[in-house]
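Dear colleague,

Please find below the structure I promised to pass on, with the sequence alongside it. My notes on what was found in it follow directly underneath, and I would be glad if you read them with the model open.

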Amino acid sequence: MMIKKILLMTASLTLLSSNAIAEEIDAEAYIKYREHLMENAKHHAKGIANILKGKLQLKDNLLHHARALHEVSQMFSSAFPEGSDFGETSAKSGVWENKADFNKAAKNNQQATAALVTAAESGDLKNIGNAMAEVGKSCKACHKEYRSKK
Ligand code: HEC
């Protein structure tokens, strides 16, 4: 009787703790997710740079790349929730210690990509080049503070 009770108790405790774990954040999943977001941004930035070099007859794609960059830049902040700061990550602890400043860096990047969209809408290659340089600066500004070299 006693043993049965104890077994039951342990079983429900195990259930409780596995529920608790399920509610906790899966840091590795967030790390993977944000790395993909970042890689995605890199690929669109490269697409723009390569088109601007003039070897591709794909000027019409500049606006699509610019919009994609702007979309992805709006997801950066959300990919660094509290508790996703351990594991195979290159994010520095400052991301969580100086969250407001980190979010500001993300906001600056969003503004730069918004300006890039405006430039791409104008179709002026020089403007697009300048706006892209500003985007690059705002990516680097955040990396300088918050990303460690692997
Ligand atoms: C608000 C800060 C911030 C901004 C803005 C930002 N990044 Fe990052 N980026 C990071 C952090 C932090 C990491 C490390 C993430 C990790 O390993 O968990 C990272 C990682 C990366 C990586 C490596 C991903 C991998 O596979 O490990 C690339 C590539 C990258 N960023 C490109 C960009 C580009 C391009 C931009 C601009 C369009 C950009 N980032 C803007 C913070 C930022």
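I begin with Glu 28, which, once its neighbours within four places in sequence are set aside, is in contact with Phe 86, Gly 87 and Glu 88. Please keep in mind throughout that this is a predicted model. Glu 28 lies in helix α2, and its C-alpha atom is 6.4 Å from that of Gly 87, although 59 residues separate the two in sequence. With a relative accessible area of 34%, Glu 28 is partly exposed, because the partly exposed class runs between under 20%, which is buried, and over 50%, which is exposed.

As for the protein as a whole, its secondary structure consists of six helices and zero strands, so that the pattern read along the sequence is α-α-α-α-α-α. The protein has 150 residues, of which 30% are buried. Its accessible surface comes to about 10200 Å², and carbon and sulfur atoms account for 59% of that surface. If one takes the contacts between residues at least 6 apart in sequence, 73% of them join residues at least 24 apart.

The interior deserves a careful look. In soluble globular proteins, nonpolar side chains tend to be buried together. Here the largest nonpolar core holds 28 residues, and those that touch the most other members are Ile 48, Leu 69, Phe 80, Val 95, Leu 116 and Ile 128. At least two residues of this core come from each of α2 (27-52), α3 (61-73), α4 (94-97), α5 (99-122) and α6 (125-146), and it is α5 that gives the most, with seven residues.

Which residues does Ile 128 contact, leaving aside its neighbours within four places in sequence? They are Ile 48, Leu 52, Leu 62, Leu 116, Ala 119, Ala 120 and Gly 123. Met 132, whose place is in helix α6, is in contact with Ala 45, Ile 48, Leu 69 and Leu 116 when neighbours within four places in sequence are again left aside. Met 132 counts as buried, because its relative accessibility of 12% falls under the 20% limit. The C-alpha atom of Met 132 is separated by 7.9 Å from that of Thr 113, a residue 19 residues apart from Met 132 along the chain.

Helix α3 offers two residues that can be read side by side. His 65 is found in this helix and is buried, with a relative accessible area of 18%; not counting residues up to four places away in sequence, His 65 touches His 44, Gly 47, Ile 48 and Ile 51. Arg 67 also lies in α3, but at 39% relative accessibility Arg 67 counts as partly exposed. Beyond its neighbours within four places in sequence, Arg 67 is in contact with Val 117 and Glu 121, while the C-alpha atoms of Arg 67 and His 44, which are 23 residues apart along the chain, are separated by 9.4 Å.

You will probably want to turn next to the ligand. It is surrounded by 22 residues, the closest being Met 38, Thr 89, Cys 139, Cys 142 and His 143. Three side chains can be described in terms of their polar atoms. An N or O atom in the side chain of Arg 34 is 2.7 Å from an oxygen atom of the ligand, and a polar side-chain atom of Glu 39 likewise lies 2.7 Å from an oxygen atom of the ligand. For Glu 35, the distance between an N or O atom of the side chain and an oxygen atom of the ligand is 3.3 Å.

Lastly, a word on the cysteines. Are Cys 139 and Cys 142 buried or exposed, or do they lie in between? Cys 139, at a relative accessible area of 30%, is partly exposed, whereas Cys 142, at 15%, counts as buried, because the limit for that class is under 20%. The count of disulfides comes to zero, where a pair of cysteine sulfur atoms would have to be within 2.5 Å to qualify.

With best wishes

How values were computed: Residues are numbered from 1 along each chain as its sequence is written. This is a predicted model: local features need pLDDT of at least 70, side-chain atom pairs count only at pLDDT 80 or more; totals for chains, interfaces and linings use all residues. Side-chain values use heavy atoms; hydrogens and water are left out. Helices (H or I, at least four residues) and strands (E, at least two) are DSSP runs, numbered from the N terminus. Buried means under 20% relative accessible area, exposed over 50%, partly exposed in between (1.4 Å probe, protein chains only). Contact means heavy atoms within 4.5 Å. Accessible areas come from the Shrake-Rupley method with a 1.4 Å probe; for residues, only the protein chains shown count as cover. A nonpolar core is a set of buried Ala, Val, Leu, Ile, Met, Phe, Trp, Tyr and Cys residues joined through side-chain atoms within 4.5 Å. A residue is near a molecule or strand if one of its heavy atoms lies within 4 Å of it. A polar contact is a pair of N or O atoms within 3.5 Å; within protein, one must be able to donate a hydrogen and the other to accept it, and residues adjacent in sequence count only if both atoms are side-chain atoms.
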